[in-house]
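Trainee: I should like to learn how to read a model of this kind, one feature at a time. May we begin once the structure is in view?

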Amino acid sequence: MHTALNKTLAKLPDDTKIYPGHEYTKQNVKFLTTVLQTEPVKKLQAFAENNQQTQGKFTIGDEKVNPPFAPSASSVRMN
């Protein structure tokens, strides 16, 4: 997975759209909001709530700037 994400996909142009094979954003953002309340997570939550379809809406460049499912360790809230 590391090679696929950080070496293969990272080499693609930033404007490359991402089309996952299934809808996972809405369910994952529900979990993500329980552990993180960062601005990128809040934006993703609002996007998921306001859009029936989320596939093909994000680009490689978006993921490089705000990878909501791979936040820095300092942003994770520990309970």
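Trainee: Does Leu-12 count as buried, partly exposed or exposed, and why?

Mentor: The general idea is to compare relative accessibility with two cut-offs: under 20% is buried, over 50% is exposed, and values in between are partly exposed. Leu-12 has 33% relative accessibility, so this residue counts as partly exposed. Leu-12 sits in the loop between α1 (2-8) and β1 (17-18). Please keep in mind that the model is predicted.

Trainee: Which residues form a nonpolar patch on the surface?

Mentor: Leu-12 belongs to that patch together with Met-1, Leu-5 and Leu-9. Their accessible area together is about 410 Å². For the whole chain, about 5900 Å² is exposed, and carbon and sulfur atoms supply 56% of that area.

Trainee: Why does Thr-59 count as buried?

Mentor: The reasoning rests on the lower cut-off, since buried means under 20% relative accessible area. Thr-59 has 17% relative accessibility and therefore counts as buried. This residue lies in strand β2, which spans residues 58-59. Leaving aside residues up to four places away in sequence, Thr-59 touches Asp-14, Asp-15, Thr-16, Lys-17 and Ile-18.

Trainee: How should I read the order of the elements along the sequence?

Mentor: One lists helices and strands as they occur. This chain has four helices and two strands, and they follow the pattern α-β-α-α-β-α. Of the contacts between residues at least 6 apart in sequence, 78% join residues at least 24 apart.

Trainee: Which residues of helix α2 are buried, and where do they lie around its axis?

Mentor: One looks down the axis and asks how the buried positions are distributed. In α2 (residues 25-35), the buried residues are Thr-25, Val-29, Leu-32 and Thr-33. They fall within an arc of 100 degrees seen down the axis, so they line one face of the helix. Helix α3 (39-50) is included in what covers them. Gln-27, Lys-30 and Phe-31, on the other side of α2, are exposed. Over the chain of 79 residues, buried residues make up 18%.

Trainee: What is the mean pLDDT of the chain, and where does pLDDT stay under 50?

Mentor: One reads the mean first and then the local values. The mean pLDDT of the chain is 81, with 85% of the residues reaching 70 or more. Among the elements, α3 has the highest mean, 89, and α1 the lowest, 83. Over residues 73-79 pLDDT stays under 50, and the model has eight contacts beyond four places in sequence for that stretch.

Terms used. Residues numbered from 1 in each chain as written. Predicted model: local features only at pLDDT ≥ 70, side-chain atom pairs only at ≥ 80, totals over all residues. Heavy atoms only, no water. Buried < 20%, exposed > 50% of the residue type's maximum accessible area, 1.4 Å probe, protein only. Contact = heavy atoms within 4.5 Å. Patch = residues over 30% accessible without salt bridge, like charges linked within 9 Å, V, L, I, M, F, W, Y side chains within 5 Å. Areas by Shrake-Rupley, 256 points an atom, 1.4 Å probe, with all protein chains shown as cover. Salt bridge = Lys/Arg side-chain N within 4 Å of Asp/Glu carboxyl O. Arc of directions from axis to C-beta. pLDDT = per-residue confidence, 0-100.
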